[in-house]
Amino acid sequence: MSDTLKTRLATDLIHAGRIRTNLDENGEALFLTSGFTYESADMAEAVFANQVEHFQYSRFANPTVSMLEARLAKIEGAEACRATATGMAAVHSAIMCGLKAGSRVVASRALFGSCHWIISTLLPQYGMESVFVDGADMDAWKAALSQPTALVLLESPSNPMLDIVDLRAVSELAHAAGAIVVVDNVFATPLLQKPLELGADVVVYSTTKHMDGQGRVLGGAVLSSKKWIEEVFQPFFRNTGPSLSAFNAWVILKGLETLHLRVKAQSDSAEAIAQFLDGQPKIKRALYPTLASFPQRELAMRQMSGGGTLVTFELEGGKEEAFRLMNAFRVITISNNLGDTKSLATHPATTTHMKIGAEERAKLGITDGTIRLSVGLEDVQDLTDDLTRALERV
Ligand SMILES: *Cc1c(COP(=O)(O)O)cnc(C)c1O
């Protein structure tokens, strides 16, 4: 398909970025090769001098990985993409590539555990200043961004409490402070939220989640302008080596072909389950961006085109009740992953958010009765039956 043909999302998820060799294969080729060869020493010299475009070494670029990068760039509406070995490799390299000792970083407090660790623990080890704010509090953003800042990191909706950050307003404040804005868009997926259109500069993904979506391989992606990727990100990426394997890229390419169908079906089920949980006597509160009772519903609907595949709820009671509920599930599985075809329940306080400590959990609103449910592709009636059955055990 030529690059000039204007096509739509479902088509792009299947065809964008395809490289077809002269063998005319239909499926994307899996280039399991670490390096590439040159027909002459003169050619090798020209390639290394950037006079000729040619693959060199799979740490820098690989054709299967390049197909994934081009496809992700197309569906995100970004000029450029680099795929990484994991979501954390994407977050880490997107943050570190442009910072130096003395840099100031402002982040929303409600971050994925490892992202929180990078900001709170790693950056200060390199002489950088880290500031956390409550992502929903615009006055806190204003105060934090009233002095020169290098980078803003945020996640919206956040894990696991689905806090929403006003991407447009925060991007404006960040740019005025001289910062670039990095958005971890895992929960929304590129289908439900486009941070670059709302003012962000860089979008990061764990492609482990919805993009593979079938629990098979780890991966990540960084998307931004061609200029930032080439000038700021690529030197760091090429020399530090967080590259994605060709095999994982190939699996994720296959995952992308059905991404829109899975995210749509899983989001529809998640919304139905959120509505079901919202009225239950043993549930203190259910959180889902499109619920009438969701505190930031208006903002969520302004910047997202759907609520996503995750529902978080809080049981009356604490850890004992939460464990009793989870242990009674027969269709839903206990796991810390998300975005999978299988519905997965997580108890954040004792798993994904254990290490941040009780005090930080309290600030985030994560209680011992909080459960995060990543809604899968099972029949939604079987899922609500499972929840009904399990709630009877609480
Ligand atoms: C899973 C996840 C990550 C990390 O991705 P990995 O592929 O596990 O390294 C980062 N941010 C969010 C929001 C995630 O859900």
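Colleague: What makes the pair between Met 88 and the ligand a polar contact?

Modeller: In this predicted model, a polar backbone atom of Met 88 sits 2.8 Å from a ligand oxygen. The cut-off is 3.5 Å between N or O atoms, so the pair counts.

Colleague: Which side chain comes within 2.6 Å of a nitrogen atom of the ligand?

Modeller: Asp 184 does, through an N or O atom of its side chain. That value lies within 3.5 Å, so this too is a polar contact.

Colleague: And how do you know that Lys 209 makes a polar contact with the ligand?

Modeller: A polar atom in the side chain of Lys 209 is 2.8 Å from a ligand oxygen. That falls within the 3.5 Å limit, so the pair qualifies.

Colleague: How much of the ligand does the protein bury?

Modeller: The ligand alone exposes 380 Å², and the protein buries 91% of that.

Colleague: Which residues surround the ligand?

Modeller: Among them are Thr 86, Gly 87, Phe 112, Glu 155, Ser 206 and Leu 338. Each has a heavy atom within 4 Å of the ligand, so each counts as near. Helix H4 (87–96) and helix H9 (208–212) each give at least two residues to this shell.

Colleague: What classes of residue make up the shell around the ligand?

Modeller: Four are nonpolar, five polar and three charged. Gly 87 and Gly 219 belong to the shell. Gly counts as polar by the class rule, so both are polar here.

Colleague: Now the pockets. How much space lies in the largest pocket?

Modeller: About 920 Å³. Its lining has 27 residues, with Glu 53, Ala 61, Ser 66, Arg 82 and Glu 230 nearest the centre. Helix H3 (63–76), strand S1 (80–84) and helix H10 (226–240) are the elements that give two or more residues to that lining.

Colleague: Why are these 27 called lining residues of the largest pocket?

Modeller: Each has an atom within 4 Å of a pocket point, so each is a lining residue. By class, 13 are nonpolar, seven polar and seven charged.

Colleague: What about the second largest pocket?

Modeller: The second largest pocket holds about 370 Å³. Its lining has 18 residues, and Phe 112, Gly 113, Ser 114, Thr 352 and Lys 355 are closest to its centre. Helix H5 (residues 113–125) gives the largest share, six residues. Eleven of the lining residues are polar, four nonpolar and three charged.

Colleague: Which domains supply the lining of the second largest pocket?

Modeller: Domain 1 (9–256) and domain 2 (259–392) each give at least three residues.

Note on methods. Residues are numbered from 1 along each chain as its sequence is written. This is a predicted model: local features need pLDDT of at least 70, side-chain atom pairs count only at pLDDT 80 or more; totals for chains, interfaces and linings use all residues. Side-chain values use heavy atoms; hydrogens and water are left out. On a 1 Å grid over the protein atoms alone, a cavity is a set of points where a 1.4 Å probe fits but cannot get out, and a pocket is an open set with protein on both sides within 12 Å along at least five of seven lines; lining residues have an atom within 4 Å of a point. Grid points are joined across faces, edges and corners, and a volume is the space filled by probe spheres set on the points. Helices (H or I, at least four residues) and strands (E, at least two) are DSSP runs, numbered from the N terminus. Domain bounds come from an automatic or database domain assignment. A polar contact is a pair of N or O atoms within 3.5 Å; within protein, one must be able to donate a hydrogen and the other to accept it, and residues adjacent in sequence count only if both atoms are side-chain atoms. Accessible areas come from the Shrake-Rupley method with a 1.4 Å probe; for residues, only the protein chains shown count as cover.
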